[in-house]
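Dear colleague,

I am handing over the structure we spoke about, and below it I describe what was found. Please keep it open while you read.

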Amino acid sequence: MSILHHPSDETLLRFAAGSLPAGPALVVASHLEGCAVCRNRVAQFEAVGGAMLADLPPTPLKADAFARVLARAQAGQAEKDTPEGIFLEREAPKKLDGIVLPRALHGCAIGAWRWVGPGIRVSRVVVPHARQANVILLKVRAGRHMPAHGHTDFEITQVLRGSFRDGGKRYGVGDVAEGDSECDHAPVVGEESECISLAAIEGHIRFRGPIGRLLQPLVGL
Amino acid sequence: MLKRESVDPDQLSRLVEAIAASQDRAAFAALFEQMGPRVKTYLMRSGTAPEVAEEIAQETMLVVWRKASYFDAARAGAATWIFTIARNLRIDWQRRNQRSEPMSPGAEEEADLSPTPEESVLASFREARVRAALGELSEEQATIVRLSFFAEKPHGEIARELGLPLGTVKSRVRLALARLRRILDEAP
């Protein structure tokens, strides 16, 4: 699998900084599973965080802070570590239509495919602890145009099966496409197979055309 | 008052390793004094209320103590490791409190995505190179990187701090990060 299209540096930086909202962060996490280049980039940006942290002026902690932490440290050898993330469950790999889904999705509730128009199905992904995140799986038949749309804020998509073309570029499995408020597009799915993609949308999406208007209430964005 | 002093990265790593090896309380005290207050500053700058920042900073240092044996200097420097712990705790706190809720990138990576040998080799060079790269950026670019990293709404704050129209911020961010990438990708 050769990945041609990666998240932007700004997106990876915000991911490393922990300021990317849950939906887009899920798509980035899913991309990182298959992309050593971006894992390295995120590690660099985390090192940027470390360097900036070391360089910050200190803000004094409360006078008893060290004593309290030390007491907890010594009392709490038995105390369980609090989970730091949501993917601690060890589940069997989750599959959908024969694709092993990214591990990033394992903790998520994935809805059934819903028909939203000819050749287009959508499944809602519910991210634990971030239920308001707008994340969907989108399945579009080979050769079909996806509904034309623009966004008020930010959209990030990773291809899980098949491919689509958008703005003269081809996005295959593992590739990530980002769109912002300046982009208004109608991607076309490749002829070789249906396309399944994982998309996170921040802000609102504005569909155009009859299928888009069908999709709008169902996707609820 | 605590005075501003720079932190020695190698010394930080040795302190964490001493905690891991022998639950060294003196090492923990030294690490706590250097990093606890900086973690608090980081949290406050990323929009965390001071009393919450205090709590998360203490929690971060507790996790540092408990997880010291997982620290691997070949993967990341100590300041970077502590940064990722604080970041993940901040995200967890936001999530529990139902605010806009970034997802923590670290947990899963820790569990499953062990670095390839190439990635590990790179890690030992990465820290020094990143520090050098940050030093090579212009003042404006360094500000952009810092605000992109710490700010909740980076574009707005970059516009305000640098007195730029919002419309040009996006391209400035792109330029600053492209410069950072070029410096980082150059052979050391």
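Helices, as the word is used here, are DSSP runs of H or I with at least four residues, numbered from the N terminus. With that in mind, B:Gln23 can be placed in the loop between α1 (9-22) and α2 (25-45) of chain B. Please remember throughout that this is a predicted model.

What stands out about B:Gln23 is its backbone, since its phi is near 45 degrees, a positive value in a residue other than glycine. B:Gln23 has a relative accessibility of 44%, and because partly exposed covers the range between 20% and 50%, the residue counts as partly exposed.

Chain A offers a second case, for A:Asp97 also has a positive phi, of about 50 degrees, although it is not a glycine. A:Asp97 is found in the loop between β1 (95-96) and β2 (99-100) of chain A, and with a relative accessible area of 34% it is partly exposed.

The other finding concerns two helices of chain A, where α1 (residues 9-17) and α3 (residues 36-55) pack at an angle of about 60 degrees, with their axes 9 Å apart. Because roughly perpendicular begins at 65 degrees and roughly parallel ends under 35, α1(A) and α3(A) are oblique to each other. Their crossing is right-handed. On the side of α1(A) the contact is made by A:Asp9, A:Leu12, A:Leu13, A:Phe15 and A:Ala16, while α3(A) contributes A:Cys38, A:Arg41, A:Val42, A:Phe45 and A:Glu46. Sorted by character, the residues of this contact are seven nonpolar, three charged and no polar.

With best wishes

Key
Residues numbered from 1 in each chain as written. Chains lettered and ligands numbered in written order. Predicted model: local features only at pLDDT ≥ 70, side-chain atom pairs only at ≥ 80, totals over all residues. Heavy atoms only, no water. Axes fitted to C-alpha atoms, helices over the stretch in contact; angles between N-to-C directions. Parallel < 35°, antiparallel > 145°, perpendicular 65-115°, else oblique. Left-handed = near helix turned anticlockwise from the far one by under 90°. Contact = heavy atoms within 4.5 Å. Nonpolar A, V, L, I, M, F, W, Y, C, P; charged D, E, K, R; others polar. Buried < 20%, exposed > 50% of the residue type's maximum accessible area, 1.4 Å probe, protein only.
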